[in-house]
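Colleague: I would like to learn how to read a model of this kind, feature by feature. Could we take the general idea each time and then the case at hand?

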Amino acid sequence: MKISKYVDHTLLKPEATEKEILNIIEEAKTYDFASVCINPSWVKLAHDQLKDSNVNVCVVIGFPLGATSVNSKVYETKIAIEDGADEVDMVIAIGQLKSGNEDYVREEIRNIVKVAGNKLVKVIIETCLLTEEEKVRACILAKEAGADFVKTSTGFSKGGATVHDVKLMRETVGADMGVKASGGIHTKEEMFDMIKNGASRIGASCGIELIK
């Protein structure tokens, strides 16, 4: 797989304008990235611009806190897919996980996987807020719920992806699931370290710099 197809070209800041969204869409087409990763309000626009390309539309759900209700996340996912999303990056209910409410977390992911149908579902576990044991449990729950990927971070909390966490996540989910490293990846060297240790997708706002 060529290196550009590891990258989800990302723009999630709340103040992002339509012009900026259109710009990253054009960059994604030019450099043939795996996807553009955007907030739900931009999905229709991105779908219209990318429908004749090989670049997917990736949407974030329950972003960035993961603290909305299951029904809210499910409905948000349903609308995003109707608007044209190809991939869904959902944030888990972090507080529920840390409270030991594993059935809640598993069923939430399962419900989103169900409504997503044949679309790719990535589960953001926000590693910087979890203990080692919680990281492992989150990955196992995502796998049990039928998700396609586990993802390190939103990029909006107190830390991003680390090689240690990527390696731990890969060891936990095995070879059949994807691992997305996201948050704080700014150099080609950092990206290759993540891939070497098990990342199969990279989320970054500086995708062009990473592949040049």
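Modeller: Let us begin with helix packing, where an axis is a line fitted to the C-alpha atoms over the stretch in contact, and the angle, from 0 to 180 degrees, is taken between N-to-C directions. In this structure, which is a predicted model, helix α1 (residues 18–31) and α2 pack at an angle of about 35 degrees, and their axes lie 10 Å apart.

Colleague: What is the hand of the crossing of α1 and α2, and which residues make the contact?

Modeller: The crossing is right-handed. From α1 the contact draws on Glu18, Ile21, Leu22, Ile25, Glu26 and Lys29, and from α2 on Leu45, Ala46, Gln49 and Leu50. Sorted by class, the residues of this contact of α1 with α2 are six nonpolar, one polar and three charged. The spacing within such a list can be read with a general idea in mind: an α-helix has 3.6 residues a turn, so residues three or four places apart point the same way.

Colleague: At what angle do α3 and α5 pack, and how far apart are their axes?

Modeller: Helix α3 (residues 70–83) and helix α5 (residues 102–116) make an angle of about 20 degrees, with a separation of 9 Å between their axes. Angles under 35 degrees count as roughly parallel, and α3 and α5 are therefore roughly parallel to each other. Their crossing is right-handed. On the α3 side the contact is made by Val70, Lys73, Val74, Thr77, Lys78 and Ile81, and on the α5 side by Tyr104, Glu108, Asn111, Ile112, Val115 and Ala116. By class, seven residues of the contact of α3 with α5 are nonpolar, two are polar and three are charged.

Colleague: Turning to the sheet, in what order do the strands close into a barrel, and in which sense do they pair?

Modeller: For a sheet, one follows the strand order and the sense of the pairing. Here eight strands close into a barrel in the order β1-β2-β3-β4-β5-β6-β7-β8, and the pairing is parallel. If direction is ignored, neighbouring strands of this sheet are turned against each other by 25 degrees on average. Helix α2 (residues 43–50) packs on the sheet, where it touches β2 (35–38) and β3 (56–61), and the direction of α2 makes about 170 degrees with that of β3.

Colleague: How many bridges join β8 to β1 and to β7?

Modeller: Strand β1 (residues 7–10) is joined to β8 by three bridges, and the two run parallel; β7 and strand β8 (residues 201–204) likewise pair in the parallel sense over three bridges. On the β1 side of β8, aspartate 8 has glycine 203 as its bridge partner. On the β7 side, lysine 180 has arginine 201 as its bridge partner, and alanine 181 stands opposite isoleucine 202. Within β8, Arg201 and Gly203 point one way and Ile202 and Ala204 the other, and all of these are buried.

Colleague: Which residues of β4 lie on each side of the strand, and why is β4 described as largely enclosed?

Modeller: Burial is judged by relative accessible area, with buried meaning under 20%. Five of the five residues of strand β4 (residues 87–91) are buried, so β4 is largely enclosed by the rest of the structure. Glu87, Asp89 and Val91 are on one side and Val88 and Met90 on the other, so that one can speak of both faces as covered. Strand β4 pairs with β3 in the parallel sense over four bridges, and the bridge partner of valine 60 is aspartate 89 in β4.

Colleague: Is serine 182 buried or exposed, and what is it in contact with?

Modeller: Serine 182, in strand β7 (residues 178–182), counts as buried at 8% relative accessibility. Leaving aside neighbours within four places in sequence, serine 182 is in contact with Lys151, Thr152, Ser153, Gly160, Ala161 and Gly203.

Colleague: Where is leucine 210 found, and which residues does it touch?

Modeller: Leucine 210 is found in helix α9 (residues 207–211) and is buried, with a relative accessible area of 0%. Not counting residues up to four places away in sequence, leucine 210 touches Ile185, His186, Thr187, Lys188, Met191, Ile202 and Ala204.

Key. Residues numbered from 1 in each chain as written. Predicted model: local features only at pLDDT ≥ 70, side-chain atom pairs only at ≥ 80, totals over all residues. Heavy atoms only, no water. Buried < 20%, exposed > 50% of the residue type's maximum accessible area, 1.4 Å probe, protein only. Contact = heavy atoms within 4.5 Å. Parallel < 35°, antiparallel > 145°, perpendicular 65-115°, else oblique. Left-handed = near helix turned anticlockwise from the far one by under 90°. Nonpolar A, V, L, I, M, F, W, Y, C, P; charged D, E, K, R; others polar. Pairing = 2+ DSSP bridges.
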